[in-house]
Amino acid sequence: MFLFLLIAMVVVVAAVTLAVVGGGDRAVLPEAAPERLVDPLPPNRPVGRADVEAVRLPVGMRGYRMADVDDVLSRLGAELAERDARIAELEAALAGAQATAVSSVELFKKPGEEPEL
């Protein structure tokens, strides 16, 4: 009886091992195609808030795919740098216009008058 139980246990362990390992020529799980960035940021126009909210980065073996994350971050960095430069340009133009307006008002005032705002 003991010998029968021992043989049955060996057969069960071998069957489970073969089932887990795959025991044949066919693979247990089919190869999955790697995910790619489905809807990248638009290349022909500035990126908007809706574009950033719509980006869904694909997940790789150990997290997000680094190439896709690098592409999105570099594009967003370029957009932010371009907008910062444009804001600085507009602020400089505004400061110049304000300085010109203040100096032209002071040219036409009489001595002792308060400048009008």
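**Salt bridges and a nonpolar core**

Trainee: Which word fits arginine 86: buried, partly exposed or exposed?

Mentor: Buried means under 20% relative accessible area, exposed over 50%, and partly exposed in between (1.4 Å probe, protein chains only). Arginine 86 has 44% relative accessibility, so arginine 86 is partly exposed.

Trainee: What kind of model is this?

Mentor: Residues are numbered from 1 along each chain as its sequence is written, and side-chain values use heavy atoms, without hydrogens and water. Local features need pLDDT of at least 70, side-chain atom pairs count only at pLDDT 80 or more, and totals for chains, interfaces and linings use all residues: this is a predicted model.

Trainee: Which residue meets arginine 86 in a salt bridge?

Mentor: A salt bridge puts a side-chain nitrogen of Lys or Arg within 4 Å of a carboxyl oxygen of Asp or Glu. The partner lies 3 residues away in helix H3, about one turn. Helices are DSSP runs (H or I, at least four residues), numbered from the N terminus. At 2.8 Å, N to O, the partner is glutamate 89.

Trainee: Is glutamate 79 buried or exposed?

Mentor: Glutamate 79 also has a place in helix H3 (residues 66-107). A network of salt bridges links Glu79 with Arg75 and Arg83. Its relative accessibility is 11%, so glutamate 79 is buried.

Trainee: How many residues make up the largest nonpolar core?

Mentor: Such a core joins buried Ala, Val, Leu, Ile, Met, Phe, Trp, Tyr and Cys residues through side-chain atoms within 4.5 Å. Leu37, Leu41, Val47, Val55 and Val72 form the largest one, and the count is 5 residues.

Note on methods:
Helix = DSSP H or I, 4+ residues; strand = E, 2+ residues; numbered from the N terminus.
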